[in-house]
Amino acid sequence: MTMKIPSKIENPRYDEPLCSRCGLCMGNAWPEEETLQSCVFNTGWLGIHEERLFGRRRNSADKNELAFGITRRRFNARMNKPIEGAQWGGIITRIALKAFESGLVDGVVTLHGSHLQPKAALATSVAEIIESKGNRPVLSPTLIALHTAWKKGIKKLLVIGAPCHIHAVRDFKSRHQYLKDTEIHVVGIPCTDNLEAAHMRYVFSQVSRNPESIISLEFMQDYRVHIKHENGKTEKIPYFCLPPSVLKPGVFSNSCMSCFDYLNSLSDITVGYFGAPFSSDWKLQWLLVRTEKGERLFDLIRNEVEVSAEEGRGDAIPSVKASIKSTEAQILKPELTGQRKSMPKPFGELLCFLQSIKGPRGIEFARYSVHIHAIRNYLFVKHLTPDRLKILVPEHILELVRGYGL
Ligand SMILES: Cc1cc2nc3c(=O)[nH]c(=O)nc-3n(C[C@H](O)[C@H](O)[C@H](O)COP(=O)(O)OP(=O)(O)OC[C@H]3O[C@@H](n4cnc5c(N)ncnc54)[C@H](O)[C@@H]3O)c2cc1C
Ligand code: SF4
Ligand code: SF4
């Protein structure tokens with residue numbers, strides 16, 4: 001079934017409840033009122049959960065903890081034999097397979113379905129775990145599968161999810177008795193700027209002449225958006241040349257503009273890419289091991305990856321400062337963003353070249369992205385839904401934005 005591509009995105013309403021379709025209140029194992037108590041948009045981001053997991057809150061004076069959360073270690077890793085069809089090298093899928101085959105877990109809460117039509121899945125076989133590989137760059141109801149797992153009586157679970165999934169799982173487990181005897185391991189993905197599938201189709205239609213064949217679109221460390229097509233071709237557009245229509249309010253979901261945990265700080269291990277140097281083959285990944293369980297999960301694949309030290313070049317802070325004005329305008333004067341013209345490609349390419357020499361790289365690139373998204377989302381909540389500020393925004397984000405005089 002092909003989904004209709006919206007010809008434009010309507011201006012959003014801000015008075016509706018936030019929902020990232022995480023799936024926790026969409027299953028039928030537990031009463032909706034109880035699951036809703038654990039919705040991250042009711043509990044707020046982090047709060048007591050960081051303390052519960054690590055025995056302390058993050059130290060905001062430590063610039064790495066401020067941006068990346070509490071970690072035991074962070075490093076880059078490349079699968080010796082990357083998994084075909086995985087989002088990057090397939091480290092997450094490989095961890096899930098090994099956790100299942102070794103008996104550490106009896107089921108994996110994850111996704112099946114196509115890139116724009118994800119379905120929650122409880123994977124309980126090798127084939128079902130392999131089927132879960134790859135990116136679904138849209139809001140995804142993973143946690144419906146938590147209901148399935150509980151109904152089936154599975155007591156050893158791996159949950160793979162975005163930060164809003166993981167917050168809901170951590171809160172639900174600690175708030176209610178249902179999962180008291182369930183041992184949960186968590187692999188987190190970094191996540192930002194997510195959106196409804198229909199909106200993603202709209203974005204595809206704005207950035208490519210062949211929107212129907214796009215299978216993924218990533219903001220990469222070379223300051224370009226890489227658009228992969230079914231036939232293996234990749235289009236590249238400098239960030240600076242993106243059409244303003246894809247940046248205007250309403251394209252990204254309100255929930256994702258009110259999200260304050262880009263790097264999945266409550267996971268046992270976060271597996272991303274953007275703190276690693278740019279790899280044109282998309283196989284170099286960035287890992288943040290947070291807990292003892294995270295160490296155990298990584299141990300499962302230790303012999304199958306080449307590990308290298310995390311690296312960083314340049315300084316993220318001046319780049320963040322240079323982006324604040326345009327970020328503010330995006331929130332406070334959205335009509336101007338919509339009217340702006342795209343930058344001509346040669347200028348965009350020149351900027352990419354200059355950034356490749358002077359701009360932040362490695363973990364400095366990740367820091368830049370974490371800071372500027374935190375600032376944008378803070379401004380979004382502060383100006384458009386100020387009554388939510390107190391519930392949603394964690395203390396370290398307030399410190400981060402104060403650091404920029406905001
Ligand atoms: C919307 C979105 C934004 C992201 N932004 C960043 C970013 O800015 N920086 C960064 O470093 N990484 C980001 N990631 C994560 C990154 O794209 C990879 O998913 C991650 O590095 C794992 O790669 P892999 O090859 O090990 O994954 P695979 O082995 O292919 O496994 C991916 C796993 O993630 C699950 N999954 C896919 N899509 C979703 C989803 N929407 N919600 C929940 N689970 C999902 C799959 O079912 C599978 O279990 C983002 C992911 C998403 C979905
Ligand atoms: S974010 Fe999750 S728990 Fe909250 S309302 Fe949406 S589906 Fe339900
Ligand atoms: S950006 Fe935040 S709220 Fe949106 S899907 Fe990702 S983790 Fe959930």
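This is a short tour of the model, stop by stop, with a suggestion of what to select at each one.

Before you start, note that this is a predicted model, in which local features need pLDDT of at least 70 and side-chain atom pairs count only at pLDDT 80 or more, while totals for chains, interfaces and linings use all residues. Residues are numbered from 1 along each chain as its sequence is written, and chains are lettered from A and ligands numbered from 1 in the order in which they are written.

**Stop 1: ligand 1**

Select ligand 1 and the residues around it (a residue counts if its C-beta atom, placed from the backbone, lies within 6 Å). There are 31 of them, and Ala-86, Trp-88, Ile-92, Thr-93 and Gly-272 come nearest. Two or more residues each are given by α5 (91-101), β2 (107-114), β4 (156-161) and β9 (269-272). Helices (H or I, at least four residues) and strands (E, at least two) are DSSP runs, numbered from the N terminus. Which element gives the largest share of this shell? That is α5, with three residues.

Now colour the shell by class: Ala, Val, Leu, Ile, Met, Phe, Trp, Tyr, Cys and Pro count as nonpolar, Asp, Glu, Lys and Arg as charged, and the others, Gly among them, as polar. You will find 14 nonpolar, 15 polar and two charged residues.

**Stop 2: helix α5 and Gly-107**

Stay with α5 and show the whole helix. Nine of its eleven residues are buried, among them Ile-92, Thr-93, Arg-94 and Phe-100. Buried here means 20 or more other C-beta atoms within 10 Å of a residue's own, with C-beta atoms placed from the backbone. Just after the helix, look for Gly-103, which takes a positive phi of about 85°.

Next, select Gly-107 in strand β2. Buried or exposed? Gly-107 is buried, because 24 other C-beta atoms lie within 10 Å. Leaving aside residues up to four places away in sequence, Gly-107 touches Leu-122, Ala-123, Thr-124, Ala-149, Ile-154 and Leu-157; a contact means C-beta atoms, placed from the backbone, within 7 Å.

**Stop 3: ligands 2 and 3**

Move to ligand 2, which 13 residues surround. The closest are Cys-19, Cys-22, Leu-24, Cys-25 and Cys-39. By class, this shell has nine nonpolar, three polar and one charged residues.

At ligand 3, the surrounding residues include Ser-20, Cys-164, Cys-191, Cys-256 and Cys-259. Here the split is seven nonpolar, four polar and no charged.

**Stop 4: strands β6, β7 and β8**

Select residues 214-219 (β6) and 224-229 (β7), which pair in the antiparallel sense over five bridges; pairing requires at least two DSSP bridges between the strands. Leu-217 stands opposite Ile-227 in β7. The two strands form a hairpin with four residues between them, and Tyr-223 in the turn has a positive phi of about 65°.

Add β8 (residues 234-238), which pairs with β7 in the antiparallel sense, again over five bridges. Arg-224 has Pro-238 as its bridge partner in β8. In this hairpin, with four residues between the strands, Gly-232 takes a positive phi near 90°.

**Stop 5: helix α16**

Finish at α16 (residues 395-402), where His-396, Ile-397 and Leu-400 are buried. These residues lie on the same side of α16 because they cover an arc of only 100° around the axis, taken from the directions from the helix axis to the C-beta atoms. Show α4 (63-68) and α14 (363-384) too: the buried residues of α16 pack against them.

Terms used
Buried ≥ 20, exposed ≤ 12 C-beta atoms within 10 Å, placed from the backbone. Contact = placed C-beta atoms within 7 Å.
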